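Biologist: Here's a model I'd like to go through with you. Take me on a close look at the sheet, please, from the overall fold down to whatever packs on it.

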Amino acid sequence: MNISILFVCLGNICRSPAAEGIFRKMVDEEKLAIDIDSAGTGGWHTGKPPDPRMQKTALARGYNLSTLRARQINRQDCQNFDYIIAMDKDNLREIKRLCPNSKAEIKLFLDYAPSSKTEVPDPYYGGREGFNIVIDLIEDASAGLLAKIKEQLA
Ligand code: 4NP
């Protein structure tokens with residue numbers, strides 16, 4: 001079975017779909033077989049594509065998020081994924097509450113990054129630059145997570 005990873009933020013329209021698209025591109029470039037998905041701890045945006053601001057910023061940096069659709073995390077996810085990765089501490093707490101008996105590695109995304117920051121900040125109510133910061137942080141953490149998984153596969 002492939003290693004499977006679920007990226008989780010609040011709305012599943014900004015940070016976690018960006019993580020899904022960015023990490024998938026890196027995995028595809030390395031020709032690795034890893035199952036990747038994303039979800040929100042909240043369900044308000046279920047069925048919606050990523051926020052247009054996130055899509056635009058991501059596309060300018062080579063990541064096409066247009067086919068992704070938001071969904072809410074559910075209890076089945078706790079069993080279905082090897083890694084469940086939270087963008088911030090609120091989401092981490094919510095995942096741990098939903099998944100008390102999960103065998104998944106449940107961690108903050110930036111635990112895998114060399115950065116001194118601990119959270120990928122919510123860009124929803126901020127300006128344009130917030131979306132580029134999100135992508136910078138996700139690229140760093142994705143490289144760290146991929147290196148760890150490649151060690152695991154070796
Ligand atoms: P995300 O950003 O968690 O990165 O998808 C947000 C999207 C929507 C809302 C908050 C954060 N919202 O409050 O609707």
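Modeller: Along the sequence, the pattern reads β-α-β-α-α-β-α-β-α, which comes to five helices and four strands. Those are DSSP runs numbered from the N terminus: H or I over at least four residues for a helix, E over at least two for a strand. The radius of gyration (over C-alpha atoms) is 14 Å, close to the 15 Å from the globule rule for 154 residues, so the protein is as compact as a globular protein of that length; the rule is 2.2 Å times the number of residues to the power 0.38. The C-alpha trace spans about 35 × 30 × 30 Å along its principal axes.

Ground rules first: this is a predicted model, where local features need pLDDT of at least 70, side-chain atom pairs count only at pLDDT 80 or more, and totals for chains, interfaces and linings use all residues. Residues are numbered from 1 along each chain as its sequence is written, and side-chain values use heavy atoms, leaving out hydrogens and water.

Now the sheet. The four strands make an open sheet in the order β2-β1-β3-β4, with parallel pairing; a pair needs at least two DSSP bridges between the strands. On the edges sit β2 (34-40) and β4 (105-108), each pairing on one side only. From one strand to the next, the twist averages 20°. Axes here are lines fitted to C-alpha atoms, for helices over the stretch in contact, and angles run from 0 to 180 degrees between N-to-C directions.

Zoom in on β1 (residues 3-9) and β3 (residues 83-86): they run parallel, joined by four bridges. Val8 faces Ala86 of β3.

As for the helices, α4 (residues 89-98) packs on the sheet and touches β1, β3 and β4, contact being heavy atoms within 4.5 Å. The direction of α4 makes about 165° with that of β4. Helix α5 (residues 128-153) lies across β1, β2, β3 and β4, running at about 160° to β1.
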